[in-house]
Amino acid sequence: MSTPHASGPLVRTVAGPLSPSAVPGPVLAHEHLVLDLDLKGDGAAVLDVPRHEAHVTRELAGLREHFGLSLVVELTCRGMGRDPRALARIAERAGVAVVAATGWYYEPFHTPELDGASVEQLTDTLLAEVRDGLDGTDVRPGVLGEVGSHGEVPSAPEARSLRAAARTALATGLSVATHAQLGQGGLAQLDLLTGEGLPPHRVSIGHQDLLDAPDTHRELARSGAYVAFDTVGKESYQSDETRLRLLLELLEAGHADRALLSCDISRHGYLRTEGGQGYGHLFRSFLPQLRAVGVDEDLIDLMTRRNPLRFLTGASTEEI
């Protein structure tokens with residue numbers, strides 16, 4: 001099922017294949033534009049189509065205008081309130097390319113189809129979405145994610161979903177972005193994924209900025225996996241001061257080519273229109289802090305554009 005790369009590696013967006021050369025500006029490597037994680041019933045962990053779509057679209061359009069935002073990797077998958085039609089509308093109206101996802105989040109959000117299903121059955125489900133489109137549309141996913149686990153070791157259903165994601169990635173040429181709850185269990189996730197034969201450079205281990213463990217970050221990076229500092233601005237989970245320290249340690253260890261950055265906007269209270277930090281916090285606040293401590297524009301371009309494009313496509317340093 002792999003797509004031949006006759007004209008080089010391609011990013012699979014909601015509007016179709018896109019050459020990395022058509023992505024001149026930064027990429028947000030882990031975001032949500034539409035989702036529903038409302039387990040508590042309070043409506044907080046929601047980005048709702050009727051209420052919030054226009055606000056999300058305006059934020060992205062503003063970031064395109066002011067910071068050159070070119071691409072958003074949207075990691076809302078099965079059981080998270082995914083809406084591929086809304087993603088296509090947002091991408092078109094904002095003028096920002098969007099990559100959609102498939103897979104399963106961590107266990108509290110698993111859909112009933114995981115109950116007793118084998119890795120082979122789960123793989124078939126994901127392969128059908130890559131082949132036929134998401135949720136009855138012709139929108140095809142461009143990434144497996146955010147495939148989740150919690151704790152140091154994935155639960156049995158989480159392990160099956162991770163293995164299914166790896167097999168689907170191998171069969172389709174997609175990459176896998178994970179959700180490591182509070183940053184924990186990333187090494188175990190990587191072991192499961194690579195144990196299925198998936199190369200480490202096709203894996204991004206999520207939420208590592210929530211884990212104050214530089215040794216773990218270095219180990220992931222040395223393996224060849226991408227290390228996602230993807231909750232930038234979520235101060236209730238971790239201070240940006242700590243994120244900055246952890247990222248600088250990773251850079252000083254020589255692993256700038258493994259770092260991915262994003263904000264993981266996952267509830268409507270994070271939107272700028274509701275007083276939150278918004279999708280642009282990375283550009284307005286965190287990147288200026290990096291520049292202030294001496295990180296140059298080439299390194300910033302590496303982390304915010306070239307790395308996510310290489311992650312999505314599997315391209316080499318020479319290709320992007």
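Trainee: In what sense do strand β3 (residues 27-31) and β6 pair, and over how many bridges?

Mentor: Two strands count as paired if DSSP finds at least two bridges between them. Here β3 and β6 run in the parallel sense, with three bridges. One contact point to look up: Val27 has Leu71 in β6 as its bridge partner.

Trainee: Before I go on, what kind of model is this, and how are residues numbered?

Mentor: It's a predicted model, where local features need pLDDT of at least 70 and side-chain atom pairs pLDDT 80 or more, while totals for chains, interfaces and linings use all residues. Residues are numbered from 1 along each chain as its sequence is written, and side-chain values use heavy atoms, with hydrogens and water left out.

Trainee: Which strand is joined to β6 by three bridges besides β3?

Mentor: That's strand β7 (residues 97-99), running parallel to β6. Val73 has Val99 in β7 as its bridge partner.

Trainee: Which way do the β6 side chains point, and are they buried or exposed?

Mentor: Buried means under 20% relative accessible area, exposed over 50%, and partly exposed in between (1.4 Å probe, protein chains only). In β6 (residues 71-74), Leu71 and Val73 point one way, Val72 and Glu74 the other, and all are buried. Across the protein chain, 61% of the 320 residues are buried.

Trainee: What share of the contacts joins residues at least 24 apart?

Mentor: A contact means heavy atoms within 4.5 Å. Taking pairs at least 6 apart in sequence, 75% of the contacts in the protein chain join residues at least 24 apart.

Technical notes: Helix = DSSP H or I, 4+ residues; strand = E, 2+ residues; numbered from the N terminus.
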